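Biologist: I am new to this structure. Walk me through it, please, and tell me what each claim rests on.

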Amino acid sequence: MMAMDWGYLFEVSLTGIASGGLYALAALAFVLVFKATRVVNLAIGEFLMAGAFLFMTFAAMWSMPLWVAIPAAVLACGLLGAVIERSMIRPLIGEPEFSAFMVTIGLSSILVGLAELIWDPEQHRLPDFMPTQPIMVGEAFLSPKVFWGAMTAVVFIAAALLLFRFWRGGVALRATASDQGAAYAMGINVPRVFSLAWVGSAMLAAVSGIIVGSIGGVSSTSMGVFGISVLVVVIVGGLDSVLGALVAGLLIGLIEALASTYLGGEYKLVATFLVLVVILLVRPYGLFGTREIERL
Amino acid sequence: MTKQTFSTRRRQLMLGAAAAAGTTALMRPFSVLAQSADEIVIGGSIPITGVFAFAGVGINDAFQDYVKMINDGGGIAGRKVRYVPEDTAYKVDVSVAAYKKITGANTVNLYYGDSTAFSKTINPELERNGNILMCGASFASELNDPEKYPHQFLVGPDYTEQFGILLKHIAEEKPGARVAFVYSDSEFGRDPIKKSEAAAKELGLSVPVTIMTPPGSVDVSTEVIKLRRAKPDYTIFHGYILAPIPEFITQGKQQGMTSKWMGTFWTMDSSTVMKMGPDGDGFMGVMPYRYYYDTESAPTLDKIRELRPEYQSTAYLQGWLAAMLLLESAKRCLEADKALTGDNLKAALNSLKDFDTGGLIGVPISIPGNSIPVGRVYKADMGAQKMVPASDWIQL
Amino acid sequence: MRIGTFKQSYVADAALFDSRTQHVWLAIAGLLLILFPFTANEYWLYLGCLVAINIASTTGLNILTGYTGLISLGQAAFMGLGAYTVALLQLHFNLPLVLNLLAAGAVAMAGGILVGIPSLRVKGLYLAIVTLAASFIAQFIFANFEFTGGTAGITMQPAQVLGVPLDTSFRLYWLIVPVTLLMLLGAANLFRTRIGRAFIAIRDRDISAEVLGIPLLRYKLLSFGLSSFYAGVAGGLFAYFYRVVTPESFPLTMSIFFLAAVIVGGMGSILGGILGAAFMTMVPEVLRLVFGLLPGAADLISLISPIRLVLFGTLIVGFLIFEPLGLAELWRRTRRFFHLWPFRN
């Protein structure tokens, strides 16, 4: 007979939700690109890895102070995003969406290989920079890194929501996504919007990568599985919904934590995918995604 | 302008002949290496790149150095040794392909495999070949079965034996202690868990919880909570190289855990442990060999330090010992005038009694079965940035 | 230049290979295939068998993704289903080889149809993610149940045909290649029938296809079923070939490999499937060969794997940007050149 240990449940749920915040940040990067260019970036995990490696180079190998290393890594990753957009995504404008999707699959291979060539295939730890005082909610412990990571995610998501709603650039992004031709006609510089979206997404991915990397270390393949979980999060939340990224991120984080605690570590991914399938059967476009209208 | 064009028929025949000739030419094996009949060939599927790269590079270097040293000294029973490696990136199918390529182009008598999965996959092929003795980077308990794997051996204690050494040490230090197991969801990780739980009970220890982490998992906060609630006195990690152990230790300590932390072979490389940072001070684990910088008297270590002045990993030492044991078996075979068949080579290996590895392993070893159940517990001293012995050499 | 090909009946017109030239080339190809195992060494035989298995699986994926337009990231999981079926049947019962392979195909087909059920509700990329989910769930089943051997997997005895054990690449060649050829013929014939044309219609514009009277769910499920049948048989051959089946034998990267083979070879063409699979299987080998020939090879050995990854990704990206119709299109261009020579076009 298992008496329900509410304290345990609360503690596990709290941690789960907080680590869901990490997913939400990476999901935001993904949604930004999809919202603007309708490209599904399957290489999102590798962008996180690039950001983490760049941070390691600047902070550990070149010994820059943290307040320089972090922005430098974020900007460098943004540059990477711009280069990738120009060389691989721009030529595919007008092609079916499938092509860009497959290109990002190829891209993930390229990034992993490059990471192994430039750095090395070993596992590395990132320099510590987050506060180390554990957060206490009543009797429940919460790891500080996870907590501050989740807080960062919430801040960025709130900012993104506001940007998309009120800033001209945000509106331009949404306009480009819904109808490129009309956007051109309205005087929106569509190629510039594309670049902006990819650069922004890469920078967000870098921030996420640095946080995730400082929790679990970084290696050329460490963020691949994380990327798959992020994919599940965006599908559940809706490919083009910022709010969905947050809600789904927290939800998936919670489910993973509960599955791992009460069922066992091997059920973590399976539980996530079962949730995915269920949600897709009930709401095929995700919880908050916009329903696609197909025209013949 | 008139052009002399070939009739369609003629053209077809020409193209057909060209195609046939070209294809047959391509079928000739690309590199038929001229192998002198008197060479001893060691083939290797080595994970020089990929997730196990740090180990693969060390193993590769060790084999190169050892073979060169032997050849410089005149070879084995007058025969030169040749080492033929292929990179596998720790992937089983690449490994198998490398095996087929190397054994197709050379007569191979000794082989080194990169993983548990490969060693198991290639076993039927090995048996069919019949002339190869094989060891590898794996310490899986499953391979420690002379009936199922008659021509393979482990270069040290198998994972269950490694757990056994740690548990024995724990039982002496603190009888009746609570020991938690944290392992990765892979074949590597799962291998010793069940048997070790039983072994712990026999030693009077209790195992309050076993936690399995999914491969590639980054955030282990939930698992740490589970671990903390089990209140273990010791926590043994297995199936990892580095991540997520430091995160477990850091979060565990933040949440007030007083457990001692331990690991198995592939975590115990000095540079890996040092990466754990100040929280890793006191991290213990089982090591079957001495470390590169051990100052106790060891002629093998001196020789290695001569060849390579910079720090060499535990993988290098494992490779060195593997080469030593493989070539020693070949030597005993040849000296007894026996043909280099799998059975003879394995018998020669098993004939090793109280064999002195030159101090690489602290005590003389015997290999009656498929493994070498000897090891010592080492502890991390972050201040000195070294691993120091924490127990005597334990033999199971 | 090909001239004088005229047909006198509908049947002749719809034939797969209709000209004398094609027949001659087919005969030569058949002869080479028969001679190959007698002249090649162990390593090339191994590669040949592997290429054949990959061709079978790629053709299956081509039916689903290339001809019906349903992106699938679960091909490796279906192969795994087939492989485990064969391994388990061999372990517990003593059925003949052919029955095992058919059973493997059937089990994989059932799995495929199950995965395809959501395909009426979800489309495009969302469906791809469902197949991804299926692949993870399959891997979970393989790794965590007793009867599938857990993470250790299952080791098999070699298959027996008329008392001869199939334990060398030479012998397996005679099993694998004919089965692959049969499957290729089946796929080529499929696209001369109503069903094949329905698939193509679904790919081009599925709503229009439904308007035209093609029951979408039935044909989509059929496509999933057929493609996973192919994957299941290929998985069964894989099991006989390697004789060890573990959950780690069928990772996501394998599904991506097959998808890449379909793209590089040319989506929607049988020849594309053949070329793509052969090309993607041989690229790592050629790379290793090239590296072996370079001076200072021993030091460069650690670069092979990352360069192979970069090359793999670059091939996918390059073909998508520059030659979206794949190797099959390159082949057709070369053939056109020879057909029209000495004219330009």
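Modeller: Start with chain A, in a model that is predicted. Chain A holds 11 helices and two strands.

Biologist: What pattern does chain A follow along the sequence?

Modeller: The pattern is α-α-α-α-β-β-α-α-α-α-α-α-α.

Biologist: Why is chain A called as compact as a globular protein of its length?

Modeller: Set its radius of gyration against the globule rule. The rule gives 19 Å for 296 residues, and chain A has a radius of 19 Å, so chain A is as compact as a globular protein of that length. Its C-alpha trace spans about 65 × 50 × 35 Å along the principal axes.

Biologist: What makes a residue of chain A count as buried?

Modeller: A residue is buried if 20 or more other C-beta atoms lie within 10 Å of its own. In chain A, 56% of the 296 residues are buried.

Biologist: How far apart in sequence are the residues that contacts join in chain A?

Modeller: Take contacts between residues at least 6 apart in sequence. Of these, 75% join residues at least 24 apart.

Biologist: Now chain B. How many helices and strands does chain B have?

Modeller: Chain B has 14 helices and 13 strands. Its C-alpha atoms fill a box of roughly 95 × 60 × 40 Å along the principal axes.

Biologist: What share of chain B is buried?

Modeller: Buried residues are 55% of the 396 residues in chain B.

Biologist: And what share of contacts in chain B joins residues 24 or more positions apart?

Modeller: Such pairs make up 67% of the chain B contacts with a separation of 6 or more.

Terms used:
Residues numbered from 1 in each chain as written. Chains lettered and ligands numbered in written order. Predicted model: local features only at pLDDT ≥ 70, side-chain atom pairs only at ≥ 80, totals over all residues. Helix = DSSP H or I, 4+ residues; strand = E, 2+ residues; numbered from the N terminus. Rg over C-alpha atoms; globule rule 2.2 N^0.38 Å. Buried ≥ 20, exposed ≤ 12 C-beta atoms within 10 Å, placed from the backbone. Contact = placed C-beta atoms within 7 Å.
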